[in-house]
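Here is a short briefing to read alongside the structure. Have a look at the fold, then follow the topics below in any order you like.

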Amino acid sequence: MKKRTRYTLRKPKDYRMVIFLTLLCVFLILLILYTQGKMRILQDFIARQTTKEEDKIQEEVPDTPEAMPYSSDLRIVLMDRDKDIYRGSISLYGDSDLTINRAGQTSDLAAGTTYSMSADQISAGETITVTGAEGSQWYLVNEDGVTSNGYEGTLEIWGQANGLVLVNQIPMEYYLKRVVPSEMPRTYGAEALKAQAVCARTYAYGHSNSYAYPDVKGNMDDTVSFQVYNQGTESAETNEAIRSTAGQILMKDGTVVDALYYSTSCGYMQDGTLFGNMDSSIFHTGYIGLQESGQDFDTYLRSGDEHAYEANERYFRWQASLTGDDLSGLRAHLQNYLATDDSISCDRKMKKKITDTSLTDDKALGQIKNITVEKRNPGGTAMCISISFSEGKVEIEDQLHIRQILGDLCGYVILQDQERLDSVSTLPSAAISIEKQGDGKFLVYGGGFGHGVGMSQNAAKALAAAGYAYTDILGYFYQGTALQQVY
């Protein structure tokens, strides 16, 4: 009989290894679960901290105020004698009854009766409002007894620490009735007047969404710093130009154009780089006439140009005599510019001398050795000049500063029609060519009146006389723009 083999289950010799591996797997699973939980906690913690930091930043950084909307109502600061925002007193009367509101109390002022107030009769921060019936006018009387042209709209009298500030709140079209005749003679032709009305409206509309004088909420003032207001008398011609273009402004790509304009060109338009970052596709350089001469700019300014549209305007060509006999005004301007902006550059040693009030002008500057134009706009206007003194060299940028600095040295200006202008504080333009003379003086050959960017008013007159419509005139000076009806 065959012997049967018996099989039995044997314990593995390494059963302890099995237990160890099982426990290790359990541990790893628990560790993974634990780690995932910790990660979620860490992520939640980081998220909470990030939110706290963002909240803190939002608390520390104030919200940016929303831009003001454009408006057809304007607030115009009325300057005292075109120079000072503050007044020591005010006198006014109306051609009909006026209503005066002060601290919620109203009183009536009979037509023709004068209302007067000095700065010490009103508290700082207090505002008095003067209103009249629609169509009525009120008049200001200055300390010399001179009466202004009539105003419409509301007058606000603001008490400020330095004196009284006057603000005229007025609808756009009423404002234009006093701007267009102040900026352009009524004899310039209907189409030129229409172009002027659109430019003035566009310029004002573009400033209606900001305050140049935030303390009194003033959009603009009434001087050449913005637009001349209420210095001319309204006429049938100017009123018709305003009426026939009512609500029209210039725009490009949905943006209101900064419709700059000026009196007389030198024969060329200046492009937008004259004022930094203005759109040179709108404000382009170009000849303003029938046949360009092709001369270099210095030669061009020293001669006439019968083909220019403004060839016969008295400011088209002019000459100025510069002398360094009195440097006090020039030095005062240099000190002011060095303190307030970066349009003046010189070395540290020269700057110290200019600003050292213990030094006389002769010690600080010395004699003028030379004056040269260092940089021009593509249209020819000087954008940088240098003045070499015996004590050092100064460079001046910005066309207005150049005109003011050289105006400080100016003895007189002779216009193209031979009219002589004495006591000139600012040169007519910065389209200049400078010649040093044997006696140490300098002769400036100049052209035009104003900055030269945008529409030349006298060229607009010439174009209107040649049959251009106001839309063509505007297209000539502001390329790529379109008229838009905004109200």
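**Overall picture**

The protein chain contains eleven helices and 26 strands. Please keep in mind that this is a predicted model. Below, the chain as a whole comes before its individual elements.

**The chain as a whole**

- Of the 487 residues in the protein chain, 44% count as buried.
- The accessible surface amounts to about 25900 Å², and carbon and sulfur atoms hold 50% of that surface.
- Taking contacts between residues at least 6 apart in sequence, 66% link residues that are at least 24 apart.

**Helix α1 and a nonpolar patch**

- On the surface, Met17, Phe20, Leu21, Leu24, Phe27 and Leu28 form a nonpolar patch of about 570 Å².
- One of these patch residues, Phe20, lies in helix α1, which spans residues 15–60.

**Helix α7 and its two sides**

- Helix α7 covers residues 348–355, and its residues Met350, Lys353 and Ile354 are buried.
- These three buried residues sit on the same side of α7, because the arc they cover around the axis is only 100 degrees.
- Arg348 and Lys352 are exposed on the other side of α7.
- What do the buried residues of α7 pack against? Their partners are two helices, α6 (328–340) and α8 (361–364), together with two strands, β19 (382–389) and β20 (392–397).
- It is worth pausing at the lysines here: Lys353 is buried, whereas Lys352 is exposed.

**The β3–β4 hairpin**

- Strand β3 (residues 98–102) pairs with strand β4 (residues 105–109) in the antiparallel sense, and five bridges connect them.
- Within this pairing, Ile100 has Ser107 of β4 as its bridge partner.
- Two residues lie between the strands of the hairpin, where Ala103 adopts a positive phi near 55 degrees.

**Strand β5 and its neighbour β2**

- Which residues of β5 make up its covered face, and which its uncovered one? In this strand (residues 115–118), Tyr115 and Met117 belong to the covered face, while Ser116 and Ser118 belong to the uncovered face.
- Strand β2 (residues 89–94) runs antiparallel to β5 and is joined to it by four bridges.
- Opposite Met117 of β5 stands Ile90, and Met117 is also one of the residues on the covered face.

Notes: Residues numbered from 1 in each chain as written. Predicted model: local features only at pLDDT ≥ 70, side-chain atom pairs only at ≥ 80, totals over all residues. Heavy atoms only, no water. Patch = residues over 30% accessible without salt bridge, like charges linked within 9 Å, V, L, I, M, F, W, Y side chains within 5 Å. Areas by Shrake-Rupley, 256 points an atom, 1.4 Å probe, with all protein chains shown as cover. Salt bridge = Lys/Arg side-chain N within 4 Å of Asp/Glu carboxyl O. Buried < 20%, exposed > 50% of the residue type's maximum accessible area, 1.4 Å probe, protein only. Arc of directions from axis to C-beta. Contact = heavy atoms within 4.5 Å. Pairing = 2+ DSSP bridges.
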